[in-house]
Amino acid sequence: AVWRQVREMTSDVMRQSGLSNLKAVQLSRIPHLRGTAAVKEPGVVSVTYVDSDRTVDVKGKRILVATGSRPYRLGTIPYDDVTIFDSDTIRALDFLPKTVCIIGAGIIAIEFAKIFTQLDCKVTLL
């Protein structure tokens with residue numbers, strides 16, 4: 001039951017963070033596109049919209065491509081999704097561990113450290 005709450009908490013944190021960021025971009029009137037992108041040539045990015053098959057070329061001297069993220073699995077760590085997880089697969093854990101070691105210091109690592117600490121797990125952040 002507790003771990004179900006953790007999964008719900010992490011889903012809520014991610015959803016709220018994404019909505020908050022999108023709202024900030026919209027309120028700032030920052031032009032933005034949601035889709036997949038590929039660098040076509042220097043100064044040109046081809047974007048296919050997330051909600052259609054329509055593709056547009058974006059040109060500019062400086063283009064920021066915010067890629068979103070997926071966990072990076074270090075080749076030297078034997079991920080087995082039983083005792084060693086990444087930030088996506090940890091949410092499928094079916095028990096609450098007593099101790100947790102989190103590698104990383106980005107926003108996702110910090111959020112998981114806070115969640116596990118609130119659940120009285122001993123947390124080590126590397």
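Let me begin with a term: a residue is called buried when its relative accessible area is under 20%, exposed when that area is over 50%, and partly exposed in between. With that scale, Asp-81, at 36% relative accessibility, counts as partly exposed. I should say at once that what you see above is a predicted model, and I will speak of it in that spirit.

I will stay with Asp-81 for a moment, since several features come together around it. Asp-81 is placed in the loop between β3 and β4, and its phi is positive, at about 55°, although the residue is not a glycine. As background, most residues other than glycine have a negative phi. The side chain of Asp-81 meets that of Arg-73 in a salt bridge, with 2.8 Å from N to O, and Arg-73, at 34% relative accessibility, likewise counts as partly exposed.

What else does Arg-73 form a salt bridge with? The other partner I want to show is Asp-86, where the closest N and O atoms are 2.8 Å apart. Arg-73 and Asp-86 both lie in the loop between β3 and β4, and 13 residues separate them along the chain. Taken together, Arg-73, Asp-81 and Asp-86 are linked in a network of salt bridges.

Is Asp-86 buried or exposed? Asp-86 counts as buried, because its relative accessibility is 12% and the cut-off for that class is under 20%. Its side chain also has polar neighbours in the backbone: the backbone nitrogen of Asp-88 lies 2.8 Å from a polar atom of the Asp-86 side chain, and the backbone nitrogen of Thr-89 lies 2.8 Å from a polar atom of that side chain as well. If we leave aside the neighbours within four places in sequence, Asp-86 is in contact with Pro-71, Arg-73 and Tyr-79.

Further along the loop between β3 and β4 we come to Ile-90, which is buried, with a relative accessible area of 12%. To give a sense of how this part of the loop sits with respect to strand β1, which covers residues 35-41, I can offer one distance: the C-alpha atoms of Ile-90 and Ala-38, which are 52 residues apart along the chain, are separated by 30 Å.

That brings me to the strands. Strand β1 pairs with β2 in the antiparallel sense, over six bridges, and the two form a hairpin with two residues between them, in whose turn Gly-43 has a positive phi of about 85°. Strand β2 then runs antiparallel to β3, joined to it by five bridges, and this second hairpin has five residues between its strands.

Which residues does Val-45 of β2 face on its two sides? On the β1 side, Val-39 stands opposite Val-45, while in β3 the bridge partner of Val-45 is Val-58. Strand β2, residues 44-49, is largely enclosed by the rest of the structure, because five of its six residues are buried.

There is also a salt bridge that involves the strands on either side of β2. The side chains of Lys-40 and Asp-57 meet at 2.7 Å, N to O, and this pair links distant parts of the chain, with Lys-40 in strand β1 and Asp-57 in strand β3, 17 residues apart. Lys-40, at 51% relative accessibility, counts as exposed, whereas Asp-57, at 37%, counts as partly exposed. The structure holds four salt bridges, and I have described those that I wanted to discuss today.

Two further places deserve a short comment. The loop between α1, residues 2-27, and β1 contains Arg-29, which has a positive phi of about 55° although it is not a glycine. Arg-29 is exposed, with a relative accessible area of 75%.

The last item is on the surface. Tyr-72, Leu-74, Ile-103 and Leu-126 make a nonpolar surface patch of about 470 Å². Of these, Ile-103 is found in the loop between β4, residues 99-102, and α2, residues 107-118, and Ile-103 is exposed, with a relative accessible area of 56%.

To close, I would return to the point where I started: Asp-81 belongs, with Arg-73 and Asp-86, to a network of salt bridges, in which Asp-81 is partly exposed and Asp-86 is buried.

Notes:
Residues are numbered from 1 along each chain as its sequence is written. This is a predicted model: local features need pLDDT of at least 70, side-chain atom pairs count only at pLDDT 80 or more; totals for chains, interfaces and linings use all residues. Side-chain values use heavy atoms; hydrogens and water are left out. Patches are made of residues with over 30% relative accessible area and no salt bridge: like charges are joined within 9 Å, nonpolar side chains (Val, Leu, Ile, Met, Phe, Trp, Tyr) within 5 Å. Accessible areas come from the Shrake-Rupley method with a 1.4 Å probe; for residues, only the protein chains shown count as cover. Helices (H or I, at least four residues) and strands (E, at least two) are DSSP runs, numbered from the N terminus. Buried means under 20% relative accessible area, exposed over 50%, partly exposed in between (1.4 Å probe, protein chains only). A polar contact is a pair of N or O atoms within 3.5 Å; within protein, one must be able to donate a hydrogen and the other to accept it, and residues adjacent in sequence count only if both atoms are side-chain atoms. Contact means heavy atoms within 4.5 Å. Two strands pair if DSSP finds at least two bridges between them.
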